[in-house]
Amino acid sequence: MPLDMIKPFKIQMIRDESDGSKTVFFSVRKVTQLTETKKRSEEFHAALHIDAGVDADEFVYEYLKKGGWIDAWRSV
């Protein structure tokens, strides 16, 4: 994730696990313009298990980008 980018998701909490890994709880919101006067808003809350030493922000960003929640060229 570029350093100057505003995160298009929010990490709610990171829990350290006994084996050194982490569980990252996060949320993201996506707004789609349907017509000139109508928008659709979707929200996604989830948790991901990541290995020790992995950057949580980068991991969540890539996960959401692959899932279509974040466009690589813009953030909502």
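Here a visitor and a guide talk through a predicted protein model.

Visitor: How confident is the predictor in this protein, going by the average pLDDT?

Guide: The average pLDDT is 88, and 87% of the residues score at least 70. Among the elements, strand β1 (residues 9–16) has the highest mean, 96, while β2 has the lowest, 93.

Visitor: What makes β1 and β2 a pair of strands?

Guide: Pairing asks for at least two bridges between the strands. Here 7 bridges join β1 to β2, and the two run antiparallel, so they count as paired. One place to look is F9, which stands opposite V28 in β2. The two strands form a hairpin with 5 residues between them, and G20 in the turn has a positive phi of about 95°.

Visitor: Let's pick a residue. Why is S27 called buried?

Guide: Buried means under 20% relative accessible area. S27 has 9%, so the label fits. You will find S27 in strand β2, which covers residues 22–33.

Visitor: What makes the link between the side chains of S27 and Q12 a polar contact?

Guide: The distance limit for such a contact is 3.5 Å between N or O atoms. The side chains of S27 and Q12 make theirs at 2.8 Å, so the distance is within the limit. Leaving aside residues up to four places away in sequence, S27 touches F9, K10, Q12, F44 and H45.

Visitor: And V31, is that buried, partly exposed or exposed?

Guide: Partly exposed: its relative accessibility is 25%, and that class lies between 20% and 50%. V31 is also found in strand β2. V31 and S41 are 10 residues apart in sequence, yet their C-alpha atoms are 4.4 Å apart in space.

Visitor: How many aromatic pairs are there?

Guide: The count comes to 3 aromatic pairs. In one of them, the rings of F26 and F44 have their centres 6.1 Å apart and their planes at 70°. Centres must lie within 6.5 Å, and planes over 60 degrees apart count as edge-to-face, so this pair is edge-to-face. Because F26 lies in strand β2 and F44 in strand β3 (residues 39–50), the pair ties together parts that are 18 residues apart in sequence.

Visitor: Why is F26 buried and F44 partly exposed?

Guide: The cut-off for buried is under 20%. F26 has 1% relative accessibility and counts as buried, whereas F44 has 24% and counts as partly exposed.

Visitor: How do you know that F44 and W69 are stacked?

Guide: Stacked means planes under 30 degrees apart. The rings of F44 and W69 have planes at 15° and centres 5.3 Å apart, so the pair is stacked. This pair links distant parts of the chain, 25 residues apart: F44 is in strand β3 and W69 in the segment after α1 (56–66). W69 is partly exposed, with a relative accessible area of 22%. Together, F26, F44, Y63 and W69 form one aromatic cluster.

Visitor: Which residues does F26 touch?

Guide: Not counting residues up to four places away in sequence, its contacts include K10, I11, Q12, F44, L48, V60, Y63 and L64.

Visitor: How many residues does the largest nonpolar core have, and which element gives the most?

Guide: It has 12 residues, among them F9, I11, F26, V28, L48 and I70. The elements giving two or more residues are β1, β2, β3 and α1. α1 gives the most, with 4 residues.

How values were computed
Residues numbered from 1 in each chain as written. Predicted model: local features only at pLDDT ≥ 70, side-chain atom pairs only at ≥ 80, totals over all residues. Heavy atoms only, no water. Buried < 20%, exposed > 50% of the residue type's maximum accessible area, 1.4 Å probe, protein only. Polar contact = N/O pair within 3.5 Å; in protein donor to acceptor, adjacent residues only side chain to side chain. Contact = heavy atoms within 4.5 Å. pLDDT = per-residue confidence, 0-100. Phe/Tyr/Trp six-rings, centres within 6.5 Å; stacked < 30°, edge-to-face > 60°. Core = buried A, V, L, I, M, F, W, Y, C linked by side-chain atoms within 4.5 Å.
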